[in-house]
There are 2 protein chains.
Amino acid sequence: MTDVLSRRDLDFLLYEWLEVPALAARKRFAEHSKDTFDAVLDLSADLAHKHFAPHNKKADTNEPTMRSDGTVEMIPEVKAALDAYAASGLIAGQFDESVGGMQLPTTVARAAMAWFQAANAGTAAYPFLTAANANLIAAYGTDQQIDDYVRPMLEGRWFGTMCLSEPQAGSSLADITTRAVRQDDGSYRVTGTKMWISGGDHELTENIVHLVLAKTPDGGPGVKGISLFIVPKVLPGADSGLGERNDVTLTGLNHKMGNRGTTNTMLAFGDGTHTPGGKSGAVGFLVGEEHRGLSYMFHMMNEARIGVGFLAIALGYVGYRKSLEYAKVRTQGRPLGAKDPAAPPVPIIDHPDVRRLLLAQKSYVEGALALGLYCSRLVDEQDTAVDAATTDEATLLLDVLTPIAKSWPSQWCLEANSLAIQVHGGYGYTRDYDVEQHYRDNRLNPIHEGTHGIQGLDLLGRKVTMQGGAGLRVLGSKITATVVRARVLGGEAKRHADALDTVWNRILDVTEALWASGDATTALANSSVYLEAFGHTVIAWMWLEQLIATYGKNGDFYDGKRMAARYFFAHELPKVGPQLDLLASGDRTAAEMNPQWF
Amino acid sequence: MTDVLSRRDLDFLLYEWLEVPALAARKRFAEHSKDTFDAVLDLSADLAHKHFAPHNKKADTNEPTMRSDGTVEMIPEVKAALDAYAASGLIAGQFDESVGGMQLPTTVARAAMAWFQAANAGTAAYPFLTAANANLIAAYGTDQQIDDYVRPMLEGRWFGTMCLSEPQAGSSLADITTRAVRQDDGSYRVTGTKMWISGGDHELTENIVHLVLAKTPDGGPGVKGISLFIVPKVLPGADSGLGERNDVTLTGLNHKMGNRGTTNTMLAFGDGTHTPGGKSGAVGFLVGEEHRGLSYMFHMMNEARIGVGFLAIALGYVGYRKSLEYAKVRTQGRPLGAKDPAAPPVPIIDHPDVRRLLLAQKSYVEGALALGLYCSRLVDEQDTAVDAATTDEATLLLDVLTPIAKSWPSQWCLEANSLAIQVHGGYGYTRDYDVEQHYRDNRLNPIHEGTHGIQGLDLLGRKVTMQGGAGLRVLGSKITATVVRARVLGGEAKRHADALDTVWNRILDVTEALWASGDATTALANSSVYLEAFGHTVIAWMWLEQLIATYGKNGDFYDGKRMAARYFFAHELPKVGPQLDLLASGDRTAAEMNPQWF
C-alpha cells in the first residue's frame with residue numbers, strides 16, 4: 001500500500017525548514033525533542049495505515065444509517081480504529097499535562113493528525129472535532145466544566161461536536177433561532193434545531209458533548225445576542241458517571257456526495273423526546289459569559305479553518321501519491337516520435353503531459369502543506385513566544401493567513417484530486433480505485449467552516465484592513481525577508497523572488513485601490529477573486545521558502561522540490577496577473593447583474 | 001420542476017444567430033422549416049421532462065447490476081423512457097429518409113438530443129451511442145449491412161456500441177490485441193477482451209450491435225493493421241428475425257463515480273461461452289475494407305467528441321438552471337452594509353458573490369452551447385453546402401474546432417457544476433439535491449473519447465499544423481470577420497473585439513514559435529496548456545458572436561447575454577495571457593522532470 005503522506009516531506013518541512021525541534025527550548029515543550037516528535041509521527045503513520053486506511057472505502061460504500069430506534073448504525077471498523085486512536089493518547093496531544101495532555105507543539109500535532117485525515121477523512125473527523133471542542137472548553141470553561149467534559153473527551157471516552165448552523169441559518173449565524181432560557185439552578189434549557197452537525201450522533205462513545213450556539217431571551221437581534229452552551233447528550237452523573245439522557249434527539253442523517261464516514265446530522269434540542277429532570281428542554285451549561293458565544297466560537301473556528309485546510313491537503317496529498325504510484329506502473333503508448341510501433345509500451349509517467357499532471361499536484365499539495373504547517377508554527381509562536389511583540393506578530397499573521405489556509409487547499413488540493421483521476425484515466429473514474437472518493441470527499445472543504453465566498457469577504461473585508469492594515473504589513477515584511485534571502489542566492493531563486501516581489505507589491509496597490517472608494521459594496525464586488533490571487537501569491541512565497549531550504553543540498557528529493565517550485569512559478573503564479581488586473585479595473589459585472597437578466 | 005435547458009436560449013442560438021431555418025432551402029432539408037424544427041425541440045423537451053428527468057436520481061442510486069446468469073438488471077424506468085424515445089422516431093432524426101430517417105439538420109438534432117442529455121445523461125447515452133453506430137455503418141457498410149443493422153437500430157429495436165478500448169489499451173489503440181480471422185464464408189471470427197464499453201450489455205433491446213476494432217493476422221503492428229467489424233450480440237436470422245446467440249459475453253460491469261445509469265462493461269469476444277455455428281469465436285462482419293478500421297472509426301469519433309462536448313454542456317446547463325432557481329428562493333444573510341439585523345434575510349441571488357457564481361456558470365454553459373451548435377452547423381455545411389469550397393472550409397474548421405468542442409465543455413461545464421454546488425452550500429453537497437450528481441456525471445467527460453491530454457496533442461500536434469496550417473487560417477478568417485463586425489458596432493463590442501483580436505494574433509505567433517524548433521517533444525511539452533488557451537479564445541469568439549446578435553434588441557434575455565459576454569471578456573479571456581506567455585517562453589518544466597524526483 002502507498003503511504004498516504006510522505007514522511008520525507010514532513011521531515012523536510014518540520015526539521016529542515018521550520019526548525020520545529022528548536023521549540024523544545026520553550027518551557028511548554030521542555031519535555032520534548034526531535035525524538036519525541038519522531039515518535040509521534042511514527043505512531044500516527046502506523047495507526048493511520050493499520051486502522052484508518054483499510055476501511056476508508058468500506059465506510060464510503062456503507063454509510064451510517066439511522067435505525068428505527070433513533071440510534072446510528074455504522075461499520076464496526078470505525079469504532080475499532082477510534083478505540084486504537086484513543087488508546088494512543090493522541091487526542092490530547094496538544095493539551096496541557098494538567099488535563100492529561102502531551103503538550104505537543106501544534107505544528108507536530110497537526111502533522112500527526114494529517115496522517116489520519118489522509119488515511120480516512122471520515123473516521124478522522126470524530127477525534128478532530130472532539131479536540132476542537134475540548135480546546136474551546138479548556139480555554140473558556142470553568143474548572144468544573146473542564147473536569148466534567150474535557151477530561152472524558154481527551155481520554156476518548158466521549159466525543160464532541162460544534163452546533164452552529166440551523167436549517168435556515170448556514171453562513172448567517174445572526175439568524176439562528178435556537179433559544180436558551182436560564183433556570184433557577186443556573187443551568188439553561190435549550191430548544192431549537194441544528195443542521196449539518198458532524199458527528200452529531202453515533203454509538204461510538206458513551207456520550208457526546210455538544211457545543212451549541214443559542215440566544216437568550218434578552219439577547220437582542222443579530223450576532224451579539226448569541227451565547228455558547230455545553231449540551232451533553234447524556235448529563236453527567238455522580239462520580240464521573242453518566243446520569244439522565246438529555247433532551248437532544250437525532251432527527252435525520254444527511255446523505256452526502258462524499259465524506260460519508262462522518263455522520264452529518266440534524267439534531268433537535270428540547271423537542272420533548274426526553275425529559276431530563278422531569279421536563280422537556282435540553283439542559284445546557286453556559287460557557288464563559290452570556291452574549292460572548294460567537295467570539296468564543298471564532299477562537300475555535302480559526303483553528304477549525306486551518307484544520308479544514310489540513311483535511312483538504314491530506315486528501316490532495318494521498319491522491320497525488322496514489323496517482324504517482326499508478327503512473328509508474330501503468331504502461332500505455334510510446335514516447336513522441338518513437339519509430340517502432342512494436343516496441344513495448346512505456347509507463348505513463350514517461351509522457352510529459354502525465355508528468356505535468358503530477359507536477360501540478362505536487363506543487364499544490366506540498367505548497368499547501370507548507371502553508372498549513374507554517375500557520376501551525378504561528379499558533380505555537382502565539383502560544384509560547386517569550387516576548388509580546390512576537391506573539392502579536394504571530395497573531396496578526398494568523399489572522400491574515402487563516403482564510404488562505406482554509407480556502408486555498410480547499411480549491412487546489414481538490415483540483416489535485418481531479419488531476420489524480422485524470423492520471424488514472426477511465427480506471428480513476430471507477431470505484432475500484434481510490435481517487436474518485438478522495439475527490440468526492442474533498443469537495444466538502446470549500447463549503448464547510450465558511451464557504452469560499454465567506455473566506456474572501458473575511459480576507460478583503462476584515463483581515464487586510466484591520467488595525468490600519470497591520471496584518472498586511474507584517475505579512476509583507478515576512479515575504480520581503482524571504483525575497484531578500486532568495487535574491488542573495490541568485491539564479492532561479494532570484495528570478496522567482498523578483499516575480500513574487502512584483503506580485504506582492506501589486507497586491508498592496510490593488511488592496512489600497514479597492515478601498516479607496518470607502519464603499520464596501522464596490523470594494524468587495526470581487527472578493528473571491530482577491531482571495532484566489534492572494535492565495536496563489538502566498539503559496540508562491542511558500543515555494544520560495546522551500547526552494548531556499550533546498551539550497552546546497554543534493555539528491556532526488558531536493559531536485560523534486562526545486563522542479564515543483566519552478567513549476568509553481570512558471571505555471572501558477574502568473575495566473576495572478578489577470579486577477580489583479582480585474583480587481584484594479586474596478587470590475588462590477590457581478591455586482592451590476594440584475595437577477596432578472598439570468 | 002426547472003426546465004433542464006432554456007428553450008429561449010436555444011431559440012436565440014438557432015434562429016437569431018445561426019439562422020438554422022435557412023437550411024430548409026437546401027435539398028436535403030427541403031421537407032423542413034422552422035415549424036418542424038420547433039416541433040422536434042418541443043417534442044424533445046416534453047419527452048425529456050416526462051420520461052427521462054424523473055428517474056435520473058433513481059438510476060444513479062440504483063445502478064445496473066449483473067445477475068448470476070450474466071444478464072443485466074436495471075430499474076424499469078430506463079426501458080420505459082427509451083421505448084418512448086424510440087416511438088418518437090428521434091433516433092433516426094438525422095438519417096436519410098431512405099432508411100426511415102427525418103433528414104433533420106445535425107444542428108437541430110444535437111439541440112434535440114441535448115434535452116435528453118440534460119435530463120438524464122445515463123439513459124440518454126443508449127440512443128446516442130446507437131445513432132453514432134448506425135451512422136458509421138450507414139456511411140461505410142454495405143446495403144445488406146444497412147438493412148440488417150441500421151434499420152433495426154433506427155427503429156430503436158436494437159441498440160449499438162463502439163468497442164475500441166481494451167484493458168491494456170485505452171488511449172493507445174495501436175496496442176489492441178483483439179484478433180479477427182477470416183472464414184471461408186467471408187465472415188470473421190473475433191477473439192479478445194474489450195473494456196469501458198458503454199451500453200455493452202443490457203436487456204433494453206432484443207439485440208446489441210457492437211462495432212469492434214480488431215486486427216487481422218496479416219495486419220502488422222500499430223494502428224495501420226486495425227479493421228472494423230460488426231459483431232452483433234445475436235446473429236441476424238431469417239426474415240429480419242433473430243438467429244443464434246453470438247459468442248459475446250458480459251464479463252463485468254464497471255462501477256463508476258457517476259454516469260451510473262449507463263452500463264459500462266467489460267466484454268469477452270470469442271471466449272467460447274457461446275458457439276455460433278457450432279464453434280467458439282464471435283462472428284463478425286467486416287465494415288468497408290480491411291486495415292481501414294481506424295479511419296472509419298475516426299469519422300465517428302469526431303462526431304462522438306462533439307457529442308461528448310454536448311453531454312458536458314447539457315450537464316453544466318442543467319446544474320446552472322437548478323442553482324439559479326435555488327438562489328432565487330433560498331434566503332440567507334443581508335446586503336453588505338445593511339444596518340438592521342432584524343430585517344428579514346434576502347434571497348442569496350442578492351449577494352454579488354452568488355451572482356458571480358451564477359454569471360460564471362452562465363458564461364461557461366451558454367458559451368459552450370454556442371460552440372457546440374456552431375460546430376453542428378458546420379457539420380450541416382459539410383454535408384449539404386452547394387459548393388466544394390464551402391464544404392472544404394467547413395471540414396477544416398471542424399477539424400480544428402473538434403478538440404475544443406470536446407475538451408472545453410468537459411473542463412468548464414464541469415467547473416460550472418462545481419459552482420452550482422457552491423451556490424447550494426451544504427445542501428448542494430447532499431444527495432437530496434441534484435447538483436452533486438451532475439458534477440459526478442460530468443467528471444467523466446474529460447476522460448472518455450480521448451482524454452484532455454489527447455485533445456491537446458491532437459490540436460497542437462495535428463490540427464493546427466495540417467495542410468500547412470490551413471485549418472488555423474480559415475478559423476482566423478472567421479474570427480477576424482467577427483472582430484470586424486464587432487468593431488463597427490463600437491462601444492463594448494469594439495473593446496471585446498480588440499481584446500479577442502490581440503489574443504488571436506498571439507496564438508498565431510505562439511503556434512509558429514512552438515513549431516519553429518521542428519522538435520515535436522519541445523513543441524508539445526505544454527500542449528494541454530495550448531488547448532486551454534485556444535479553447536478560452538474560441539469561447540470568447542462565441543461570446544462576441546452572441547453579443548453582436550443581441551444588438552438592437554431589448555429585454556431581460558438580451559441584457560443577460562450582454563452581461564455574460566462582459567463577464568467572459570473581463571473574468572475569463574484574460575486568463576489566456578499567462579498561458580500564452582508560458583508557451584512563448586518555451587517552458588519545459590514537465591518535460592524535464594525526472595520521474596525519480598517525484
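Trainee: By what turn and shift can chain B be laid on chain A?

Mentor: Start with the general idea. Two copies of a chain are related by a rotation about an axis and a shift along it. In this predicted model, a turn of 180° and a shift of 0.0 Å along the axis lay chain B on chain A, with an RMSD of 0.0 Å. That is the relation of a two-fold axis. In chain B, B:Lys575 has the C-alpha nearest the axis, 3.3 Å from it.

Trainee: Through what surface do the copies meet?

Mentor: The copies meet through the same surface, because 100% of the interface residues of chain B are also interface residues in chain A. Chain A brings 89 residues to the contact, and chain B brings 89 residues.

Trainee: What area is buried between chain B and chain A?

Mentor: The size of an interface is often given as the accessible area lost when the parts come together. Here about 7700 Å² is buried between chain B and chain A. Carbon and sulfur atoms give 61% of that area. On the chain B side, B:Tyr429, B:Arg431 and B:Phe598 lose the most area to chain A. Together they make up 12% of what that side buries.

Trainee: How many salt bridges and polar contacts link the chains?

Mentor: Count 6 salt bridges between chain B and chain A. One pairs B:Arg334 with A:Asp175, their closest N and O atoms 2.5 Å apart. Polar contact joins 49 residue pairs across the interface, both residues at pLDDT 80 or more.

Trainee: Which helix gives the most to the side of chain B that touches chain A?

Mentor: Helix α17 of chain B, residues 556–572, with 8 residues. By class, that side of chain B divides into 39 nonpolar, 27 polar and 23 charged residues.

Conventions. Residues are numbered from 1 along each chain as its sequence is written. Chains are lettered from A and ligands numbered from 1 in the order in which they are written. This is a predicted model: local features need pLDDT of at least 70, side-chain atom pairs count only at pLDDT 80 or more; totals for chains, interfaces and linings use all residues. Side-chain values use heavy atoms; hydrogens and water are left out. Contact means heavy atoms within 4.5 Å. Buried area is the accessible area (1.4 Å probe) that two parts lose on being put together, summed over both. A salt bridge is a side-chain nitrogen of Lys or Arg within 4 Å of a carboxyl oxygen of Asp or Glu. A polar contact is a pair of N or O atoms within 3.5 Å; within protein, one must be able to donate a hydrogen and the other to accept it, and residues adjacent in sequence count only if both atoms are side-chain atoms. Helices (H or I, at least four residues) and strands (E, at least two) are DSSP runs, numbered from the N terminus. Ala, Val, Leu, Ile, Met, Phe, Trp, Tyr, Cys and Pro count as nonpolar, Asp, Glu, Lys and Arg as charged, and the others, Gly among them, as polar. Copies are superposed by least squares on the C-alpha atoms of residues with pLDDT of at least 70 in both.
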